[in-house]
Amino acid sequence: MRLHIGSGPVAIEGWTNVDVTAYPGVDVVFDVREPWPFEGVELIFAEHFLEHLTLAEGLAFLRECRRVLRDDGVLRLSTPNLDWVWLTHYKPPAELTPEEQLIGCLEINRAFHGWGHRFLYNARTLELALLAVGFAEVVLRQYGESEVPALRNLERHERHNDLPDAPSVVVVEARGVGVAGSEFEERIAPYMRDYEAR
């Protein structure tokens, strides 16, 4: 079984398309914040979905991905890159005109909260989260590229002008069974309380 999570109206043929809304092409209407009814999954793909979950919901989602995947299964995630948002939307106020300060403020807040975004990741934070929930290996990928043929050219979401070391979208593949738990969750615990209180 191959799961396309948060498919919305963009179903992928040959995959089980899962969404909380019954769009045309959705095979399973399900809220993935609940325990999943799937087992022995070969591949999971989620594009521009993870950022719509709170930090706690995101970690729970990643744990469920690891739980339902086969030991040799692969999770592919594509999500906006916080580093790109920071580098393209923010400059020190002294370098900006008053109008640019206004527009910059509006743009960075839209990047964080627009379109229902709840938490944005950069590559390092996403890697640490995936390792913390029990994946053994996390590999950064280019948009549309994969060593797994079935995971190639799946992304459909728009891209923006990438920077040399900061693509607008972080794409990762996680696989294998590692040791769940780490100092990562201890380090983020004080922030979790702040994020979940909202």
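This report walks through the sheet, the cores, the salt bridges and a few single residues of a predicted model.

## The sheet

Let's start with the backbone layout. Seven strands make an open sheet in the order 3-2-1-4-5-7-6, and the pairing is mixed. Strand 3 and strand 6 sit at the edges, each pairing on one side only.

Strand 1 has parallel neighbours to look at. It joins strand 4 through four bridges, with the two running parallel, and R2 has L43 as its bridge partner in strand 4. Strand 1 also pairs with strand 2 (residues 16-19), again in the parallel sense, over three bridges; here L3 stands opposite T16. Over at strand 6, things run the other way: strand 6 and strand 7 are antiparallel and share six bridges. One pair to click on there is L140 with its bridge partner V172 in strand 7.

## The largest core and a second one

In soluble globular proteins, nonpolar side chains tend to be buried together. In this model, the largest nonpolar core has 38 residues, and the members that touch the most others are I5, W36, I44, F61, L75, L77 and L130. Both helices and strands feed into this core: strand 1 (2-5), strand 4 (41-47), helix 1 (55-68), strand 5 (69-80), helix 4 (123-132), strand 6 (135-141), strand 7 (169-177) and helix 5 (183-196) each supply at least two residues. Helix 1 gives the most, with six.

W36 is a good place to zoom in. Leaving aside residues up to four places away in sequence, W36 touches L3, I5, F30, I44, F61, E64, C65, R67 and V68. There is also a second, separate core of eight residues, with I12, W15, V74 and L151 among them.

## Helix 4 and what follows

Which residues of helix 4 are buried? They are L126, L128, A129, L130 and A132. L130 is also one of the residues with the most contacts to other members of the largest core. Just after helix 4, G134 takes a positive phi of about 115°.

## Salt bridges

The whole structure holds 12 salt bridges. One of them links the side chains of R2 and E42, at 3.2 Å from N to O. R2 belongs to strand 1 and E42 to strand 4, so this pair ties together parts that are 40 residues apart in sequence. Both ends are partly exposed: R2 has a relative accessible area of 29%, and E42 comes in at 24%.

Another one pairs R67 with E39, their closest N and O atoms being 2.8 Å apart. R67 lies in helix 1, while E39 is in the loop between strand 3 (28-29) and strand 4, so the pair connects parts that are 28 residues apart in sequence. R67 is partly exposed at 36% relative accessibility, whereas E39 counts as exposed at 55%. R67 also turns up among the contacts of W36.

Then there is a network: R76, R141, E147, E155, E173 and R175 are linked by salt bridges. Within it, E173 and R175 come together with their closest N and O atoms 3.5 Å apart. Is E173 buried or exposed? E173 is buried, with a relative accessible area of 1%, while R175 is partly exposed at 23%.

## V148, a loop residue

V148 sits in the loop between strand 6 and strand 7. Its relative accessibility is 18%, so V148 counts as buried, the cut-off being under 20%. Not counting residues up to four places away in sequence, V148 touches L43, V74 and R175. That gives a few links back to earlier sections: L43 is the bridge partner of R2, V74 is in the second core, and R175 is in the salt-bridge network. V148 and L43 are 105 residues apart in sequence, yet their C-alpha atoms are 9.7 Å apart in space.

## A nonpolar patch on the surface

Finally, take a look at the outside. W86, L87 and Y90 form a nonpolar surface patch, with about 330 Å² of accessible area together. W86 lies in helix 2 (residues 82-89), and its relative accessibility of 47% makes it partly exposed.

Notes: Residues numbered from 1 in each chain as written. Predicted model: local features only at pLDDT ≥ 70, side-chain atom pairs only at ≥ 80, totals over all residues. Heavy atoms only, no water. Core = buried A, V, L, I, M, F, W, Y, C linked by side-chain atoms within 4.5 Å. Buried < 20%, exposed > 50% of the residue type's maximum accessible area, 1.4 Å probe, protein only. Contact = heavy atoms within 4.5 Å. Patch = residues over 30% accessible without salt bridge, like charges linked within 9 Å, V, L, I, M, F, W, Y side chains within 5 Å. Areas by Shrake-Rupley, 256 points an atom, 1.4 Å probe, with all protein chains shown as cover. Salt bridge = Lys/Arg side-chain N within 4 Å of Asp/Glu carboxyl O. Pairing = 2+ DSSP bridges.
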